[in-house]
Amino acid sequence: MAHELLKEYHDHEWGSPIFNDQKLFEYLTLEGAQAGLSWLTVLKKREYYKRAYHDFSIDRVAAFTEEEQEELLTNRDLIQHKLKLNSVIHNANCIIKIQMEHGSFSNFIWSFVDHKTIVNQWASSKEVPSKNAISEKMSKSLKAHGFKFVGPTICYSFMQATGLVHDHTTDCFKFENFSGDKNKEP
């Protein structure tokens, strides 16, 4: 049986379309933190990440001082990986540049799927890929914009989490109840 945090995340969050820049930043941060670890590990630390990064306020995180960055490295409630922790601040600054160029981070991210959720019809979780051509294109573009910890696999997980792709299997209640992307805030 799945851990309660995983069940709650699956049943109420994973795969729901997200258009809010701050929430997209949160998911991108958490997906980057998860690299090489289990998703459960990240979910258990999620509230600590929210506190450390001021509820994922893009502007606030982008303006972190060196002292605040050092505090992250001593915060034992976070995954202690210097490059991952520092990448969040760096990525916040990259998001601000994208917002200026594209109006919002959401507009930029959703453009990779023509602003519509791609609904896959996997019969089994074994069929679900770890990356695809779109996540590879997204990764390449994000890296060109200076982002860190945005490889194709992280980008695909990010796409799944934020509803750019709908990868609930056909036997999952979330597959049957998917109402499609409404291209607006939930």
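Helices here are DSSP runs of H or I at least four residues long, numbered from the N terminus. With that naming in hand, and remembering that this is a predicted model, let's start clicking.

**Stop 1: S104.** Select S104, which sits in the loop between α6 and α7. Is S104 buried or exposed? It's buried, because its relative accessible area is 15% and the cut-off for buried is under 20%. Now show what touches S104: leaving aside neighbours within four places in sequence, the contacts are D21, I98 and Q99.

**Stop 2: the cavity.** Stay with α6 and turn on a cavity surface. Rolling a probe the size of a water molecule over the atoms shows where empty space is left. Searching the whole structure turns up one cavity of 30 Å³ or more, and the largest cavity holds about 90 Å³ of space. To see its walls, select L28, T29, G32, A33, Y49, K84, L85, S87, V88, N91, K148 and F149. Which element gives the most to this lining? That's α6, with five residues. Colour α2 (21–34) along with α6 (82–102), since each of them supplies at least two lining residues. By class, the lining of the largest cavity splits into six nonpolar, four polar and two charged residues.

**Stop 3: the pocket.** Next, switch to the largest pocket, where about 310 Å³ of space lies. The helices to highlight are α1 (4–12), α2, α3 (39–52) and α9, each giving two or more residues to the lining. Of these, α1 gives the most, with five residues. There are 15 lining residues in total, and L6, Y9, W14, W39 and L40 are the ones nearest the pocket's centre. Colour the lining by class and you should get seven nonpolar, five polar and three charged residues.

**Stop 4: F173.** Jump along the chain to F173, in helix α10 (residues 173–176). F173 counts as partly exposed because its relative accessibility is 43%. What does F173 contact, leaving aside its neighbours within four places in sequence? Show H10 and D11. If you want a distance label, draw one between the C-alpha atoms of F173 and D11: it should read 8.7 Å, though the two are 162 residues apart along the chain.

**Stop 5: N120.** Centre on N120, in the loop between β1 (118–119) and α8. N120 is buried, with a relative accessible area of 16%. Its side chain makes a polar contact with the side chain of D167, at 2.6 Å. Widen the selection to the other contacts of N120 beyond four places in sequence, including Y156, V165, H166, H168 and F175.

**Stop 6: helix α8.** Finish on α8, residues 133–144. Why does a 17 Å separation of its end C-alpha atoms agree with expectation? The helix has twelve residues and, at 1.5 Å a residue, should span 16 Å, so the two values agree. At its start, zoom in on N132: a side-chain oxygen there reaches to within 3.0 Å of the backbone nitrogen of I134. Next, show the buried residues of α8, namely S135, M138, S139, S141 and L142. Bring up α7 (105–110) and α9 (152–161) too, as they are part of what covers those buried residues. Past the helix, select G146, whose phi is positive, near 100°.

Definitions and conventions
Residues are numbered from 1 along each chain as its sequence is written. This is a predicted model: local features need pLDDT of at least 70, side-chain atom pairs count only at pLDDT 80 or more; totals for chains, interfaces and linings use all residues. Side-chain values use heavy atoms; hydrogens and water are left out. The expected span of a helix is 1.5 Å times one less than its number of residues. Buried means under 20% relative accessible area, exposed over 50%, partly exposed in between (1.4 Å probe, protein chains only). Contact means heavy atoms within 4.5 Å. A polar contact is a pair of N or O atoms within 3.5 Å; within protein, one must be able to donate a hydrogen and the other to accept it, and residues adjacent in sequence count only if both atoms are side-chain atoms. On a 1 Å grid over the protein atoms alone, a cavity is a set of points where a 1.4 Å probe fits but cannot get out, and a pocket is an open set with protein on both sides within 12 Å along at least five of seven lines; lining residues have an atom within 4 Å of a point. Grid points are joined across faces, edges and corners, and a volume is the space filled by probe spheres set on the points. Ala, Val, Leu, Ile, Met, Phe, Trp, Tyr, Cys and Pro count as nonpolar, Asp, Glu, Lys and Arg as charged, and the others, Gly among them, as polar.
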